[in-house]
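Q: Could you take a close look at one part of this model for me? I'd like to hear about the ligand surroundings, with a helix thrown in at the end.

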Amino acid sequence: MSRFDHRKYTPIQPIHKPDRRWPNRVIEAAPQWCSVDLRDGNQALIEPMSPEQKLEMFEMLVDVGFKQIEIGFPAASQTDFDFVRKLITEQRIPDDVTIQVLTQARKPLIERTYESLKGASRAIVHVYNSTSTVQREQVFKMSREQIKQIAVDGATWVGEGAARQPETDWQFQYSPESFTGTEVDYAVEVCNAVIDVWQPTSDKKCIINLPATVEVATPNVYADQIEWFCEQVSRRDSVIVSLHTHNDRGCGVAASELGVLAGADRVEGTLLGNGERTGNMDIVTMGMNMYSAGVDPELDFSHMDRIINVVEKCTQLKVHPRHPYAGELVFAAFSGSHQDAINKCLAQYQEGETWEVAYLPIDPRDLGRNYQQVIRINSQSGKGGVAYVLEQEHAIKMPRWLQVDFSPVVQVFAEDCESEVTADQIVSLFEKTYIEPDNAIALKSYQVNRESGLDAMQAVLVANHAEHPIQGEGRGVLEAFVSGLNRHTQHDIVIIEYDEHTLGHDDASEAIAYVQVSVNAQRVCGVGRSRDILGATFIAILNALARAENINAMRLSA
Ligand SMILES: CC(=O)SCCNC(=O)CCNC(=O)[C@H](O)C(C)(C)COP(=O)(O)OP(=O)(O)OC[C@H]1O[C@@H](n2cnc3c(N)ncnc32)[C@H](O)[C@@H]1OP(=O)(O)O
Ligand SMILES: CC(C)C(=O)C(=O)O
Ligand SMILES: [Mg+2]
């Protein structure tokens, strides 16, 4: 038998609920959010946050728009106790923000918790005890009744503590910890017993928080449990049903989303998902999922880089580059067909329109990112991506035939360096290839005379330090220049494609010209840049010729 033995594990039995309604619903409004970064997030860190870090995190959470913030476990440590005192005594809690604190259902801890909260104008006291089968049997070694009694006692002490400090507007919260490992009828029984103690009303609701302390099943199982709980719990209109999911199976966000569909009113989680083991439910992802579906999350993630910066500083954990919405690479496209599609969609997108851009679920600018970070070049990239970078970063608008020509040049370069190619590297590759080829032929001077529709032109070229006067005629200046070149070089040069534009918007701007010419039946491209557009075009032709000569080792004849 393999040591990798799945028979060691048993699946969670889903509850039988054929009348489930949540699959037919969609999320249409934001739930109440509660950040637990400063408690659940903090308790999971190798090095818990310092008071300064806690304060920085608290202020950022307020700025993001959280109205409920679990700020710690004040009975557990002096740091947490002092932090609660600091926020209260220094009046750092905005009027529309309610702080929340966690405590075990133990009398001395609850008393200490209330001590920390003296003088708070409003607070949520959150008490928990584990109710799951495994915890009952192996950790507490207690019967169902005894475990329920812990909850009832805790609820009673919480109520008594509040009564002793009537100057504060209290709200009570209870969590049957490890709810998803608890028989759901028993979880309802315990919660109803707590509700009986607290006697909430529709004006003064209590919060019942249903944690997936450890995620043990697919999110649909959690959703069934939540829907069933909502149907069975007493005084439903006086209870705020809250979710608190962890991410052990990687589905923390999905579980909370389905839990909201199943009837929950409130969601706890952390920014970017820090928390015990694989983390808490990531509120950034869940909020942005709503946002990208046109629902206001009532949280503001527009300064994503600040959020990342504070979270990384306080947790000393790096945000993964592929983290939904926030990671450095999540709006980057390296592969050619993605770049091509993004490029085309962005070209059609008009400000104010509904966002419909292939491969980009949201507009990166909404999170303070820009399009420059979208198209990135490596050996998997195509012509569209390269063209996009040159246009965005250097105003070079390559015509399509030049894109086709240049793309393999970049690809070979990327393969050689086996890494991403920067915008600066692309532009210098472009210049080296088309504007400054080896053995470039310089245009020293030129003169054009037009008589009776015929252009006669004279020019002086410089190659290998020697001057080469040429002269030619034609119906148009380019024809005249090419005829002069043909006569002088004995080549057969024909212009196939031609394009040009200015590189800026004022009189001092340079012009850039792109040509594709056939030199003795071989097609080559060249690019020229000059203050005058005619000069730029001649240079482009000369650069194309130099490239052809390099390829075929032809030389300009004397
Ligand atoms: C899923 C979660 O995130 S729950 C939150 C977990 N967070 C934390 O624990 C962080 C802060 N906690 C702490 O620092 C410590 O646990 C303290 C200071 C609060 C308490 O420490 P201690 O007094 O040493 O107790 P400890 O936490 O080890 O708990 C063990 C005892 O409390 C009991 N207990 C544990 N949880 C609870 C609870 N929620 N309600 C009532 N009793 C509880 C246990 O049965 C055990 O009892 P025993 O000593 O008779 O065997
Ligand atoms: C205290 C509770 C809510 C908790 O953090 C959990 O069960 O994960
Ligand atoms: Mg938790």
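A: Here is a walk around the two ligands, then a helix. This is a predicted model, so to speak: local features need pLDDT of at least 70, side-chain atom pairs count only at pLDDT 80 or more, and totals for chains, interfaces and linings use all residues. Residues are numbered from 1 along each chain as its sequence is written, while chains are lettered from A and ligands numbered from 1 in the order in which they are written.

Ligand 1 has 15 residues around it (C-beta atom, placed from the backbone, within 6 Å). The closest are Gln-43, Ala-76, Gln-104, Ala-105 and Asn-129. Both α1 (37-43) and β4 (122-130) put at least two residues into that shell; helices here are DSSP runs of H or I with at least four residues, strands runs of E with at least two, numbered from the N terminus. Sorted by class, the shell has eight nonpolar, four polar and three charged residues. Nonpolar covers Ala, Val, Leu, Ile, Met, Phe, Trp, Tyr, Cys and Pro, charged covers Asp, Glu, Lys and Arg, and the others, Gly among them, are polar.

Around ligand 2 sit Asp-40, Leu-102, Tyr-128, Ser-175, Glu-177, Asn-209, Pro-211, Thr-213, His-244 and His-246. Two or more of these come from each of β5 (169-177) and β6 (206-212). The class split for ligand 2 is three nonpolar, five polar and two charged.

Last, the helix: nine of the 10 residues of α10 (283-292) are buried (20 or more other C-beta atoms, placed from the backbone, within 10 Å). Just after α10, Gly-294 has a positive phi of about 80°.

Notes
Buried ≥ 20, exposed ≤ 12 C-beta atoms within 10 Å, placed from the backbone.
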